[in-house]
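Student: I am new to this structure and would like to go through it slowly, with the terms explained as they come up. Could you show it to me before we begin?

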Amino acid sequence: MESSSCLRHYTHGFSGSIWICFLLVFVLQNCSRALSDSTYLIGLGSYDITGPAADVNMMGYANAEQIVSGIHFRLKARTFIVAEPEGNRVVFVNLDACMASQLVTIKVLERLKSRYGELYNEKNVAISGIHTHAGPGGYLQHVVYIVTSLGFVRQSFDVIVDGIEKSIMEAHENLRPGKIFVNKGDLLDAGVNRSPSAYLNNPAAERRKYNYNVDKEMTLLKFVDDEWGPVGSFNWFATHGTSMSRTNSLISGDNKGAAARFMEDWAEQRGFTKETNSINSDDFGTGNRISSIISQPHENFADLVHLASSFEASGGRRLASSASVMQRIRSSQLNGPKFVSAFCQSNCGDVSPNVLGTYCIDTGLPCDFNHSTCNGKNELCYGRGPGQDEFDSTRIIGDRQFAKAVDLFNAASERVQGKIDYRHTYLDFSQLEVILPSSDGGQKVVKTCPAAMGFAFAAGTTDGPGAFDFKQGDDTGNPFWKLVRNLIKAPGKEQIACQQPKPILLDTGEMKIPYAWAPSILPIQIIRLGQVVILSVPGEFTTMAGRRLRDAVKDVLTSGIKSEFGSNVHVVIAGLTNTYSQYVTTFEEYEIQRYEGASTLYGPHTLSAYIQEFKKLASAMVDGQSVPSGPPAPDLLDKQISFLPGVVVDTTPVGVKFGDVSVDIPLNSTFKRNDTVTATFWSACPRNDLLTDGSFALVEILDSSNNWVPAYDDDDFCLRFKWSRPSKLSAHSHATIEWRIPDTAISGVYRLRHFGASKRLFGSITHFTGTSRAFVVL
């Protein structure tokens, strides 16, 4: 319309008007192009959820002796929000935690409602765990998941709820026009099947459709802000968070947390701008972040040694408040949004990162194939990671995921386009009717069961074997342990029949004292981002169980007259999301009763129930229909019990201050890259102040102006913070800082600094710090 008007003005001799019209056309065309290019608003955020670094049992291995005593690297909540400018929006939160918690989800949603009204709710918010087995426990609400943590741990719970809320707030505040790209590809060397005998019980024809007995595909979303360029990525790949062992006591995000740390450091180090869309991962070494605030301060090594000798340990001193501790090294690049990268969990149920297979620790021979035992003992059979120790294996498996994610990120070209949509419902899995085809060509109705755990559950897995005489593949049970079980809660005949062939060790679904031992109400959810569909499942699906669920949902989405989906639909499973209900195997794998089958709570038809109900959600999405909300999940916060004692008092020997060095670095020390530097300080219990988004440990470097500036902190893969008491009931404690000097560390004068908080007998908290003697890195 405007251009034809311009032509009329031009033919009538109004030469000045034509330039105005052309200008208007140019502006309108470019505005229109900008609007069409930015079909979504995108926002990303992250926040610290590390939790108590002492005294608390770790969640994952159910090993009562695995008590936190320091930090390998910190844990994060990472969030993306995608919104249509005038329509729907979805939130996905990835937690460096073992799993999501229904109670955490409930309380986060309450906070979001208070802050944003109905903008964010249970339907469009998904909260998923990476399944690290090296995070503090006690934050779930059902008894069976908090027994080894001595009940509910309020600090663990609060820091996760706070961190999720803050990460969502940051993502919400960062919402800006942007684009999303999707890419996927195979990663071959980051996971193996730890229950291959169960996998082989699946139909041969079905197994022949796949090249591997685990899923090797990684699916990645790349987020690009229209102004700032790439601002993050989220990917889904199936491998367990068990590179760190059941004897580890340092908080760690395991291989997925490490991969996220590596990719965020990689992006920060290289610096994204709106003109930069790809970076070569070879330009950045794994875990080797170089501080951007340090320049090369010195060149003469003799001068460095002399300079270092003038800096003795500082001695402990008090700090005014915890604000003095918040010396974060990483900062937003160029006043823009920080890069957020999440490595999310998928159908990892039978997938181990210990890729060298299983062996008997007494003989070095392979374990028994069917039962994963050595001379009949499960506790001697372990899976081997690719590294020299668990830290090295964590680094290697994390690095492999990081490298693949970089490749997918750089090559991502398929634009995500289409609706933002979601469906969510609650289901009672203790008595869900499932319609299945019968042998005569008709249909039959079966039911799921109240939750129960089989004997093979107590055998553990090759990632973390159990004890006593339990073994995987046990479909009969042991008379002695049945007697012990009956003293706790004997299952009824109906429950025994429903769970067959699982021999019931713990009838958790029918144990209600002091409150419910296991969940019965579970949420399921579908989130749609254009042609990308995320299935939020509240458990650990095995490889084949996940394949069947994805295929069933994809068939529904791509068939039917009303379907807007073409054949190019990316369906991913987000495992351990919104709550936790252990494992989901196929019917055939359940029959074998390895660990995963024994931990499939709701009986042999659990997977069929998930497939049936997810197909209903998918059909509703295709048809544009709503779904019933279902019976609400219970809030059991007021019923929680804790037997974990609080911190009574922290003390030091006479004449010693908190923060004083107990074991210093030797005078005139020089170190090379890959050497380890260690100092020990008189300290106090880390539970007194979690120093959330702060640090218990720093490596400082002397800059060219003779100022000490932070170079590495306890969120770096190369720095470990270890805390210990000389005896269990002692009021004295030590903090040891270990720095393995990375390849990218520059030559200079360094020292180690410790932060902490001590508690007096009557409850007041005092913060302190102290530094080691200086040393030289050549």
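Tutor: Let us start with a disulfide, that is, a pair of cysteine sulfur atoms within 2.5 Å: one such bond joins C449 to C498, with an S to S distance of 2.0 Å. Please keep in mind that this is a predicted model, in which local features need pLDDT of at least 70 and side-chain atom pairs count only at pLDDT 80 or more, while totals for chains, interfaces and linings use all residues. Residues are numbered from 1 along each chain as its sequence is written, and side-chain values use heavy atoms, with hydrogens and water left out.

Student: What is the handedness of the disulfide of C449 and C498?

Tutor: The torsion to look at is the one about the S-S bond of C449 and C498, which comes to about -90 degrees. With that torsion, the disulfide is therefore left-handed.

Student: How many residues apart are C449 and C498?

Tutor: C449 lies in the loop between β20 (443-447) and β21 (453-454), whereas C498 belongs to helix α11 (residues 493-499). Helices and strands here are DSSP runs, numbered from the N terminus, with H or I over at least four residues for a helix and E over at least two for a strand. The pair links distant parts of the chain, and its cysteines are 49 residues apart.

Student: Is C498 buried, partly exposed or exposed?

Tutor: Buried means under 20% relative accessible area, exposed means over 50%, and partly exposed lies in between (1.4 Å probe, protein chains only). Its partner C449 has a relative accessible area of 1% and so is buried. C498 has a relative accessible area of 22%, and therefore C498 is partly exposed.

Student: How many disulfides does a search of the whole structure find, and what is the pairing of the bonded cysteines?

Tutor: Besides the bond already described, a disulfide joins C360 to C374 at an S to S distance of 2.1 Å, and another joins C367 to C381 at 2.2 Å. The search of the whole structure finds three disulfides. When the bonded cysteines of the chain are numbered in sequence order, the pairing is 1-3, 2-4, 5-6.

Student: Which handedness does the disulfide of C360 and C374 have, and which does that of C367 and C381 have?

Tutor: For C360 and C374 the torsion about the S-S bond is about -95 degrees, so this disulfide is left-handed. For C367 and C381 the torsion about the S-S bond is about 110 degrees, so that disulfide is right-handed.

Student: Where is C367, and where is C381?

Tutor: C381 is buried, with a relative accessible area of 1%, and C367 also counts as buried, at 11% relative accessibility. The two cysteines are 14 residues apart and link distant parts of the chain, with C367 in the loop between β15 and β16 and C381 in strand β16.

Student: Why does C348 not bond to the closest cysteine sulfur?

Tutor: C348 is buried, with a relative accessible area of 0%. The closest cysteine sulfur belongs to C98, and it is too far for a bond because the distance from the sulfur of C348 is 9.3 Å.

Student: Turning to the helices, how are α12 and α15 oriented to each other?

Tutor: Helix α12 (residues 543-558) and helix α15 (residues 606-623) pack with their axes 9 Å apart, at an angle of about 25 degrees. Axes are lines fitted to C-alpha atoms, for helices over the stretch in contact, and angles run from 0 to 180 degrees between N-to-C directions. Angles under 35 degrees count as roughly parallel, over 145 as roughly antiparallel, 65 to 115 as roughly perpendicular and the rest as oblique. By this rule α12 is therefore roughly parallel to α15.

Student: How do the residues of the contact of α12 with α15 divide?

Tutor: Contact means heavy atoms within 4.5 Å, and the residues making it include L549 and V553 of α12 and F614 and K615 of α15. Ala, Val, Leu, Ile, Met, Phe, Trp, Tyr, Cys and Pro count as nonpolar, Asp, Glu, Lys and Arg as charged, and the others, Gly among them, as polar. The residues of this contact divide into twelve nonpolar, one polar and two charged.

Student: How are α3 and α4 oriented to each other?

Tutor: The axes of helix α3 (residues 102-116) and helix α4 (residues 154-173) come within 10 Å and cross at roughly 40 degrees. The helices α3 and α4 are therefore oblique to each other.
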